[in-house]
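Student: I have a structure to go through. Can we test each label against its definition?

Tutor: Yes, show it.

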Amino acid sequence: MSFPLLTATAVLPAIGAIATAAVPAARRDAAKVLALLFSLGTLALAIAVLVRFDPDGGRYQLTESHAWIADFGVRYELGVDGIAVALVALTALLIPFILLAGWHDADPLETGSKRWRPTQGFFALILGVEAMVILSFEATDVFLFYIFFEAMLIPMYFLIGGFGDRAHAHGEQVASTQRSYAAVKFLLYNLVGGLIMLAAVIGLYVVAGNFSLQEIAQARANGSLDMATNTERWLFLGFFFAFAVKAPLWPLHTWLPNAMGEATAPVAVLITAVVDKVGTFAMLRFCLQLFPEASKWATPVILVLAVISIIYGALLAVGQRDIKRLVAYASISHFGFIIMGIFAMTSQGQSGATLYMVNHGLSTAALMLVAGFLISRRGSRLIADYGGVQKVAPVLAGTFLIGGLATLSLPGLAPFVSEFLVLVGTFTRYPAIGIVATLGIVLAALYTLVLYQRTMTGPVKPEVSAMPDLRMRELLVVGPLVVLLIVLGVYPKPVADIVNPAVKQTMSDVHKSDPKPEVEAAK
Amino acid sequence: MSAVAVHSLWTTAAGPITKIDSPKIEYGQLSPTLIVVGAAIVGVLVEAFVPRKSRYYAQLFVSVVALCAAFAAVVVLAADGYGTTKAHIAAMGAVAVDGPALFLQGTILLAALVGLFTFAERKLDPQAHGNHVDSFAAQAASVPGSDSEKAAVRAGFTTTEVFPLLLFAVTGMLIFPAANDLLTLFVALEVFSLPLYLLCALARRKRLMSQEAAVKYFLLGAFASAFTLFGIALLYGYAGSVSYATISQVVDGTLTTVDPALADTMGNDALLLIGTALIVMGLLFKVGAVPFHMWTPDVYQGAPTPVTGFMAAATKVAAFGALLRILYVVLPGLRWDWRPVMWGVAIITMLGGAIVAITQTDIKRLLAYSSIAHAGFILAGVIATNPDGVSSVLFYLAAYSFVTIGAFAVVTLVRDAGGEATHLSKWAGLGRRSPLVAAVFAVFLLAFAGIPLTSGFAGKFAVFKAAAEGGAGPLVVVGVISSAIAAFFYIRVIVLMFFSEPRPEGPTVAVPSPLTMTAIGVGVAVTLVLGVAPQYFLHLAGQAGVFVR
């Protein structure tokens, strides 16, 4: 038996989580370094997966399959296609940056503060989330996926509710209340979504008799497993609801601004760039493959919801006074693009959506982490509290601008490629939807540039006049992300090559071909 | 006329005198129960003859040995195949020895053993007058607050009777799910109920509340028992027998030999329906299903916490076992009549338990309502009426027992000057003072909430899957909705523990003896093992899922 590489990518951070949590309280610096080493080890394993993966090879590669809970018809089955490989790599890549950016986020506060922040816990929880996210990308057994899809809520919940920004505009009492409100809202929304999915998972078992994605998809494809139209639609809705909460899609999005606003910036990145991707990924992998007919049936409604997400998220982002909530609403807008790309049912749309997931992860990470550095310096999340930062801290302002420009999909930066593909892919099949969605780009320019203008330009506010520029550690976080954004913006081929064959496969699963005349996918 | 001839007028020549057939009792197959009841009697003798100082150790020793030996006996029987191929009805048709019976007996014995450890805990309260103090009243007969009570406390009396009482209760619980005729069922019901009523009244602190709880439990329990007994009488009228096998034959219309004396009343459907309803009502009372749940919160709150934990776990196991056997062995032919009713009961139990729990401010009452909601989930498995239904219920009961006992064991640890600090507001910030205890309790709460990777999820999935396969899809939907509602209040407790400011005069966490630590440790271990690798136990429950009839 060959080395179980996929299992290793998940087991390593899990071990790291336990090891980090076990470090005695006094040795918190050792715990941080340990956590970082484990995340780098995971990244190395993820790169090994990337190398071993053959884009033109079989549908699922590096597969592992072991008996697990035979009475439930559940097997421990892992396997990756191009889409999963890209997202596993993204996750493993972002976690070291998240850890590094949050290096001091869980340090104990100065004596006298009643806030309680167990440092080891913070790092262990992040690694725990990483393990579960990676497993849910790799699982090809619906039940196995479900377990980690649900279980990751618990560490996320503690990350949101247990650790917040060092200072808060309304004092510690209010902050504490808001944090736990955000954490509970996050958990309840996702738990309800997950439980509804549980009913659908059980329903799927009753219909199909097992949980293997490959077996069920195959049986669906060759017609040996026939679902009544209504059954398929109900099951699809059960799955989709959970993913739409997670993604999040309007009108199920309201937990995201709270969660991202109250969490520390690295945790906010973890939510939007890593955890939420499981939702959109699962739409591609489970909704489309297991319920192709129902997916096509639901497409018009979902596209409309996605467009509402795009416009609504962008409009609300324009109106935000809080930097983190602004990024959260921008993310809602972007998830609208991703979901639109998935359900446009064209290969450009789905390739674009997958690339979008990767690029959105990078660009949001860059923007949000720099925003976090900014907030930690001033102790406020309000845009109005800043002004003229670029004169005081030019590197900070510069990286913030690049992150912002990436968010608004400026050509030359990575998100442009994916957003363009999604729009083209949608336009070829649903011109009206595509046109309305394009408005989102205009609004994105508005909220990003206004944010930059208000915080970075203009006269220097007295409170920010002594603001230090990015430190070494912070540069180490932002630098590579900016480089990646530029490289993938100019030369997206490596990612596209990995993703495209998998997208072709998914398209054929739903019996959809691109509309004529064929538009060649940008390579 | 010879003497013989005269006699022949009023006598006939007897055949050779035959022995009266003594009842055939398979002592070996009944050994689990016999060991426990024997130990309970020994416990009574210990109470009478052993000096006060050594009673605690003697009782603890006897109880632990008895429960372990009984569990070993169950394992031996199961290994001998009595759960599967050699399953049969023992003791002249009174007791079934089959898979479900052995599985549930094993569960009850283990739960009782773990519960016993919490009974025996004597390190939580500070020593009073140089004496170790446990959760039970110094002298149950003394009036609360009276001089005699104070004298008893000063003298260091302890109610070591709780150990034999526990063993008697376990005896009844072992027979209850195995009972194969209605009279045995009733006797078992009383044998386990009466000690429990007593145990509920024995709290050392808040004695009035404890006694109130016991009286409520006793009165309502007596009503439930009376209903059950009335139902038994009606069913006897219907079938002319109290034996499960005969009743089910009459229900199915397959009985071949009818006693002519009973032919008039037999087969009267009114008797059957009313009798069934009354018996099931009595069982639903014990299970704590809405609308027969009214006693649960008061009793759970008032009873000494170790008793609550034991009762919540073991009573549920025993009562669901009996319910399953009645519905699956006696009344499968009637399922078109009882299924709709049970649907209704399951739905209101799931929703009612979950919704009312939201407003609770006392941790014990909260767990009581949570246990009601869980009874609803288990009922969903009962309604499945397929083999998966039985095995999923068995698995759920085993998983749930250990979570419950563990959770109540944690409740005993959180104390302030007035004993256990059960008001939820006092739990605020517990996660900062005692991260480990709070984390353990969080694991139990997550298991109650059915979060994946805990036993609660595996159990919930099992019963919902069985229900869906049994055509109860809508029930599954109601189940997941009430799970979502229930998740809210479990999470609320976690929020309190971890995200709220600790109160300045908040409770402290007592350091328990290894006994309670074992109970909690076993609870956590079972919760995680059944959550991550449930296959072995699911398989076991699957094998054990066939009733003998």
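Student: What makes the length of helix α17 (residues 414–429) of chain A agree with the expected span?

Tutor: Helices are DSSP runs of H or I, at least four residues, numbered from the N terminus. The expected span is 1.5 Å times one less than the number of residues. For the 16 residues of α17(A) that gives 22 Å; the end C-alpha atoms are 24 Å apart, which agrees. This is a predicted model: local features need pLDDT of at least 70, side-chain atom pairs count only at pLDDT 80 or more, and totals for chains, interfaces and linings use all residues. Residues are numbered from 1 along each chain as its sequence is written, while chains are lettered from A and ligands numbered from 1 in the order written.

Student: Why is α17(A) called largely enclosed?

Tutor: A residue is buried if 20 or more other C-beta atoms, placed from the backbone, lie within 10 Å of its own (exposed: 12 or fewer; partly exposed: in between). In α17(A), 12 of the 16 residues are buried, so the rest of the structure largely encloses this helix. Among them are F416(A), L421(A) and F427(A).

Student: How do you know that the size of chain B agrees with a compact globule?

Tutor: The radius of gyration is taken over C-alpha atoms; the globule rule is 2.2 Å times the number of residues to the power 0.38. For 549 residues the rule gives a value near 24 Å; chain B has 25 Å, which agrees. Buried residues make up 59% of chain B.

How values were computed
Helix = DSSP H or I, 4+ residues; strand = E, 2+ residues; numbered from the N terminus.
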